[in-house]
Amino acid sequence: MTMENGTPVEEANVKKSIGARPKTPVREQQRLDPSEREAIIAREAVSFFAEHGFEGQTRELAKRLRITQPLLYRYFPSKEALIERVYQEVFVGRWKPSWEKVIADRSVPLKMRLTRFYREYAEVILTYEWIRLFMFAGLKDLGLNARYLKMLRERAFERVIEEIRFEYGRPSTREVPTTVLEIEMVWGLHAAIFYLGVRQFIYSMPLEADVNSIIDAKVTTFLGGIRSVLPAKL
């Protein structure tokens, strides 16, 4: 092999070739707007806790997001703060104020109003994330369920009872306070619809009928039996 300054020519050419090869630029980690990154973390937390429960560790969530745990805590200073954001995103944020107007719109027959409300409500809650997060929150006793159910009673249950009383010519809840039995009856209807999600996303039992058809039947049955617990006419 030909030598050049004591170095084989072939070897020298290889070294020159390597040295001349342009360096591949290192791809910098994508920079996100803080509000955008916060939203991404919150969305992923919803999925993460729905899958693993609220026992899931933030370091595992950070790994899933491909960020460091300190960076996660820069946006949410504690796990409790992150869980609160999940509550606001899923339970408060997905509630539609328009539902309250639907329930109270007396230009529409009561059965149609309740059917529409529960059909639309079911579209929101009968999901993997909503059902599992609600169940996990209850098992963990985080207080989230109590807050949500208080909101549900104030925004929906009390309105439903008021409209039922009006429909059947019974005194307003302003004249005769809502009774325990009336609330229990509404709970029964609501729980029956919620249970459709439990069957799907907790027990892994697919529904054998269309959700809307089931809701229609449950509302009809509910209205047929509610009269017995309403207060007497004044």
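**Aromatic contacts and overall architecture**

In the predicted model, the charged end of Arg106 lies over the ring of Phe166, at 3.7 Å from the ring centre.

Aromatic side chains also associate with one another, and the count comes to 22 aromatic pairs. One of these is formed by Phe48 and Phe49, whose arrangement is edge-to-face, with 5.5 Å centre to centre and 65° between the planes. Phe48 counts as buried because its relative accessibility is 4%, a value under the 20% cut-off. Phe49 is likewise buried, with a relative accessible area of 0%. A single aromatic cluster is made up of Tyr87, Phe91, Trp130, Phe134, Tyr148 and Phe194.

Nonpolar side chains also contribute to the surface. Tyr195, Ile202, Tyr203 and Met205 make a nonpolar surface patch of about 380 Å². Within this patch, Tyr195 belongs to helix α10, which covers residues 180-201. With a relative accessibility of 40%, Tyr195 is classed as partly exposed, because this value falls between the limits of 20% for buried and 50% for exposed residues.

With regard to the overall fold, the protein chain contains 11 helices and two strands. The order of elements from the N terminus is β-β-α-α-α-α-α-α-α-α-α-α-α. Of the 234 residues in the protein chain, 37% are buried. The accessible surface of the protein chain amounts to about 14,200 Å², and carbon and sulfur atoms account for 53% of this area. Among contacts between residues at least 6 apart in sequence, 70% link residues at least 24 apart.

How values were computed. Residues numbered from 1 in each chain as written. Predicted model: local features only at pLDDT ≥ 70, side-chain atom pairs only at ≥ 80, totals over all residues. Heavy atoms only, no water. Phe/Tyr/Trp six-rings, centres within 6.5 Å; stacked < 30°, edge-to-face > 60°. Buried < 20%, exposed > 50% of the residue type's maximum accessible area, 1.4 Å probe, protein only. Lys NZ or Arg CZ within 6 Å of the ring centre and 35° of its normal. Patch = residues over 30% accessible without salt bridge, like charges linked within 9 Å, V, L, I, M, F, W, Y side chains within 5 Å. Areas by Shrake-Rupley, 256 points an atom, 1.4 Å probe, with all protein chains shown as cover. Salt bridge = Lys/Arg side-chain N within 4 Å of Asp/Glu carboxyl O. Helix = DSSP H or I, 4+ residues; strand = E, 2+ residues; numbered from the N terminus. Contact = heavy atoms within 4.5 Å.
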